[in-house]
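Here is a short note for a colleague who is beginning to read protein models. Please keep the structure open beside the text and look up each residue as it is named.

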Amino acid sequence: MTTASPAAREVAPRGGPDRLRWALSDAWVITHRDLSHWARRPAQLVVGLLFPVMMVLMFAFLFGGGMVIPGGGDYREFLMPGMFAMTMVFGIETTFTAVSTDATRGVTDRFRSLPMASSAVVAGRSAADMLNSVAGLAVMIACGLAIGWRWHEGPGAALAAVGLLLLLRFALLWIGIYLGLAIKSPEAVMAVQILVWPLGFLSNTFASPATMPGWLGAVAEWNPLSATVAATRQLFGNPGWGGDSWAAQHAPLMALAWPLLILVIFFPLSVRRYRRLSR
Amino acid sequence: MPVDSTGHAIVAEGLRKRYGGTEALAGFDLAVPKGTVCGLLGPNGAGKTTAVRVLTTLLRPDAGRAEVAGFDVVRQAARARYHVGLVGQHAALDEVLSGRQNLVMFGRLYHLGLARARRRADELLERFGLADTGAKPVKQYSGGMRRRLDLAAGLILAPSVLFLDEPTTGLDPRGRNEVWEAVGSLVAAGTTVLLTTQYLEEADRLAAKICVVDSGRVIAEGTPGELKGAIGGDRVDVVLRAADEIPAAMAIIGRVTGGEPESDPDTRRVGAPVRERVAALTEVVRALDEAGIVAEDITLRRPSLDEVFLRLTGHRTDERAGERAAEEVAA
């Protein structure tokens, strides 16, 4: 060996500021790990980013011709906000698989046996997933612009819409973390898909809740995804369904309230689940 | 009993941990002197892994206390973690990243700066014979390479106490040798090691002291020689041509070896513990030959873990652990 092994006393924390600095640095190391995954597996990254684009092309060109939009609007203008929100919802699968793989393989335990900040494992994970979602959303926006989608209410409203989409993703991320820690089996992502796809389709994304059977329409109108889709359609100035229910009338409020409610429930649940790994 | 943290790297007193209806640890006591290797030997479900998880701060005990490197594993967990290295049953590595990236990442989480983490990663890759493959993703590594990388990750801060939880389970003989050599060189450098294993051979090869674990507590301890003496050491096994010669063969083998013979009519096998390995073998062959009893096969073998347990506890281990121990002896 060329140098002496590092000794524990040289690197042990010395006080509060040290701890905070290291909590941030630890979280960054975990985020950086995920970014390295992108660099190591560019094909997977590209496929992940292009899958929603394929969905857009499929709906816009395969089914789009047969769709009638309320008020005679452009179908692609109508479609894109729903596709943005769907992309955010499907991100839950990425989070789940990553968290659950680490827990099963013992990587989470290795992190827990290190003198790192315990918050960093989940904080780093959520930062990485949010970066991934920002990239995904950017690709989708570019795709939308390429097929003729536009925002009409100015850049401020458009940015607010992007904020609502990322807020939904951030809230769902904690459901992904919670399920990943609770289920600890990456193969169970199939089960998660079975939960997530109905959430995606049982909404106002493709069809008007008014045309669904009564109870199904009510579920679709109150779906958190529907709130974000309706609110972003308003903010982008794209055509939407409208609707008489309270949820449909107050879409922007619901698009804030739903993610916050999910966060209030699943953030503490995830933290508790993480702590319970030591029980 | 007061905790003696001066001469011991690991001290556990009365550890208890209950999962639902089963008591994984039921008053687990252990004292491992600094700079020694202690082997925890026991079948699946004996509580070895639970003990390691408590001692490495991953699990809170329900009762009892433990100190590792002088730090209480519950109250001073964060400080203990700077002194403890853990190599678990599954190589806990990021499969996508390269071996080097893994080590750099863990080094940074030990709060070495980036430059030092990189330097340390290169040193460890060199030391574990992974310098050439350091840039490859871990998923292309063989089982033995993974385990060596895992070991390297456990050594980033040169821990004073290293925990190896079944470090060679699932490895082929070559991979097992690679890991054993790596552990041997660590021990020579003065690291205290606690090793769990289901393999008598492994405990024998690596550990100065063996603690036999059953039902959540240590039921016997001693040097490998002492334990083997206690359970009768090696065994001779004879497979007869005819099952009706079993009683005669048992009498002869019992007389020659001085041990208590056992038989299995289905396989026409008669076996007994022996003290002098080769002498016993030739004696048995000669005595059987004189009596006109034909043996199809005669083997000398180490007692399986199942037999160790049968003698120490009076009950058999679960079937699977016993089978695996038998495979191990065969390998």
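The points below take up the interface between the chains, then the nonpolar cores, and then a single buried residue.

1. Please keep in mind throughout that this is a predicted model, and that the values given here are computed from it.

2. The two chains meet through an interface in which 46 residues of chain B are in contact with 34 residues of chain A. The area buried between chain B and chain A is about 3,500 Å², and carbon and sulfur atoms give 59% of that area. Within the area that chain B buries against chain A, Leu58(B), Leu109(B) and His111(B) supply 19%, which is more than any other three residues.

3. Charged and polar groups also take part in the interface, since the rule finds 3 salt bridges across it, together with 12 residue pairs in polar contact. In one of the salt bridges, Asp109(A) is paired with Arg53(B), and their closest N and O atoms are 2.6 Å apart.

4. Turning to the side of chain B that touches chain A, at least two residues are supplied by each of the elements β1 (8-19), β6 (84-87), α3 (99-109), α4 (114-127) and α5 (143-154) of chain B. The residues on this side of chain B comprise 23 nonpolar, 8 polar and 15 charged ones.

5. In soluble globular proteins, nonpolar side chains tend to be buried together. In this model the largest nonpolar core has 116 residues, among which Phe84(A), Phe111(A) and Leu103(B) touch the most other members. Helix α7 (residues 154-183) of chain A gives this core its largest share, namely 15 residues.

6. Phe84(A) is a good place to begin looking at the core. Leaving aside residues up to four places away in sequence, Phe84(A) touches Leu137(A), Met140(A), Ile141(A), Trp149(A), Leu165(A) and Phe236(A). There is also a second, separate core of 28 residues, whose members include Leu59(B), Leu86(B), Phe163(B) and Val218(B).

7. Is Gln198(B), in the loop between β8 (192-197) and α7 (200-206) of chain B, buried or exposed? Gln198(B) counts as buried because its relative accessibility is 4%, whereas the cut-off for buried is under 20%. The side chain of Gln198(B) is joined to that of Asn44(B) by a polar contact of 2.8 Å, and to that of Glu166(B) by a polar contact of 3.5 Å.

Note on methods
Residues are numbered from 1 along each chain as its sequence is written. Chains are lettered from A and ligands numbered from 1 in the order in which they are written. This is a predicted model: local features need pLDDT of at least 70, side-chain atom pairs count only at pLDDT 80 or more; totals for chains, interfaces and linings use all residues. Side-chain values use heavy atoms; hydrogens and water are left out. Contact means heavy atoms within 4.5 Å. Buried area is the accessible area (1.4 Å probe) that two parts lose on being put together, summed over both. A salt bridge is a side-chain nitrogen of Lys or Arg within 4 Å of a carboxyl oxygen of Asp or Glu. A polar contact is a pair of N or O atoms within 3.5 Å; within protein, one must be able to donate a hydrogen and the other to accept it, and residues adjacent in sequence count only if both atoms are side-chain atoms. Helices (H or I, at least four residues) and strands (E, at least two) are DSSP runs, numbered from the N terminus. Ala, Val, Leu, Ile, Met, Phe, Trp, Tyr, Cys and Pro count as nonpolar, Asp, Glu, Lys and Arg as charged, and the others, Gly among them, as polar. A nonpolar core is a set of buried Ala, Val, Leu, Ile, Met, Phe, Trp, Tyr and Cys residues joined through side-chain atoms within 4.5 Å. Buried means under 20% relative accessible area, exposed over 50%, partly exposed in between (1.4 Å probe, protein chains only).
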